[in-house]
Amino acid sequence: MELISKSVNDTKNIGKVIAKHLRTADIICLFGELGSGKTMLAKGIARGLKIKESKVISPSFVLIREHSKGILPLYHFDLYRLKNECEIVAIGYEEYLYDDGVSVIEWADRLKSLMPKYFLKIELIFKSGSLRKIKFSAFGSRYKGLLRKINESR
């Protein structure tokens, strides 16, 4: 599935639609260049989970930010600064992935062999100006169903 976002607000609204269908232990892996809108999508997901969007900032220097005051906890990862899989293992990322919240992972390409088997992949691609193509891929039956629900909600 592919969507076009024409603005930051469009991207946030897409995140809000995604959030409506999320449940405990869901994993969203975000891919895209620097500035492509990954954090804006995470803000939209937070908004949909009734978490203050202003609290969701790029966790680049913290690696993981936990937001527990919403419908579900949100574990927001930013793996940009991590150079190898050993560093990712050292932060205890797996404890979050299969916990009681939703994990949103920016720079998920850094996971390499640590990529979970089942997840929703979202690629944000620059087109021009504030225009973005957002491509969705589902890995596992849970995420195929999630993708169907997101598509029906648009």
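Start by selecting the buried residues of helix H1: Thr11, Lys12, Ile14, Gly15, Val17, Ile18 and Ala19. Keep in mind as you go that this is a predicted model. Now show what covers those residues: the cover includes strand E1 (2–5), helix H2 (38–48), strand E6 (119–128), strand E7 (131–139) and helix H5 (141–153).

While H1 is on screen, try a quick geometry check. Helix H1 covers residues 8–19, and at 1.5 Å a residue its 12 residues should span 16 Å; the end C-alpha atoms are 17 Å apart, which agrees. As you look along the helix, recall that an α-helix has 3.6 residues a turn, so residues three or four places apart point the same way.

**Colour by confidence**

Next, colour the model by pLDDT. The protein has a mean of 91, and 97% of its residues reach 70 or more. Which element has the lowest mean pLDDT, and which the highest? Strand E3 (residues 64–67) is the lowest at 83, while strand E2 (residues 27–32) is the highest at 97.

**Aromatic rings**

Now show the aromatic side chains. A search of the whole structure finds 4 aromatic pairs. Pick Phe77 and Tyr96: their ring centres are 5.7 Å apart and their planes meet at 85°, over the 60 degrees required, so this pair is edge-to-face. The pair links distant parts of the chain, with Phe77 in strand E4 (residues 74–78) and Tyr96 in helix H4 (residues 93–97), 19 residues apart. Are these two rings buried or exposed? Phe77 is buried, at 1% relative accessible area, and Tyr96 also counts as buried, at 18%, because the cut-off is under 20%. Add Tyr75 to the selection and you have one aromatic cluster of Tyr75, Phe77 and Tyr96.

Move on to Tyr80 and Trp107, an aromatic pair that is tilted, with 4.8 Å from centre to centre and 50° between the planes. Tyr80 lies in the loop between E4 and helix H3 (85–90), and Trp107 in the loop between strand E5 (102–106) and E6, so the pair ties together parts 27 residues apart in sequence. Tyr80 is partly exposed, with a relative accessible area of 37%, whereas Trp107 is buried, at 11%.

**Charges over rings**

Stay on Trp107 and bring in Lys38. The charged end of Lys38 sits over the ring of Trp107, 4.1 Å from its centre. For another arrangement of this kind, select Lys121 and Phe31: the charged end of Lys121 sits over the Phe31 ring, 4.9 Å from its centre.

**Ser103 and Asp26**

Return to strand E5 and select Ser103. Ser103 is buried, with a relative accessible area of 0%. What does Ser103 touch, leaving aside residues up to four places away in sequence? Its contacts are Asp26, Ile27, Ile28, Tyr75, Phe77, Tyr96 and Leu97; Tyr75, Phe77 and Tyr96 are the aromatic cluster you selected earlier.

From Ser103, step across to Asp26, in the loop between H1 and E2. Asp26 counts as buried, at 2% relative accessibility. With residues up to four places away again left out, Asp26 touches His21, Gly101, Val102, Ser103, Arg142 and Tyr143.

**Last stop**

Finish in helix H5 with Asn151. Asn151 is partly exposed, with a relative accessible area of 37%. Draw a distance from its C-alpha atom to that of Glu33: these residues are 118 apart along the chain, and their C-alpha atoms are separated by 24 Å.

Key. Residues are numbered from 1 along each chain as its sequence is written. This is a predicted model: local features need pLDDT of at least 70, side-chain atom pairs count only at pLDDT 80 or more; totals for chains, interfaces and linings use all residues. Side-chain values use heavy atoms; hydrogens and water are left out. Helices (H or I, at least four residues) and strands (E, at least two) are DSSP runs, numbered from the N terminus. The expected span of a helix is 1.5 Å times one less than its number of residues. Buried means under 20% relative accessible area, exposed over 50%, partly exposed in between (1.4 Å probe, protein chains only). Contact means heavy atoms within 4.5 Å. Rings of Phe, Tyr and Trp (its six-membered ring) pair if their centres lie within 6.5 Å; planes under 30 degrees apart count as stacked, over 60 as edge-to-face and the rest as tilted. A charge sits over a ring if NZ of Lys or CZ of Arg is within 6 Å of the ring centre and within 35 degrees of the ring normal. pLDDT is the predictor's confidence in each residue, from 0 to 100.
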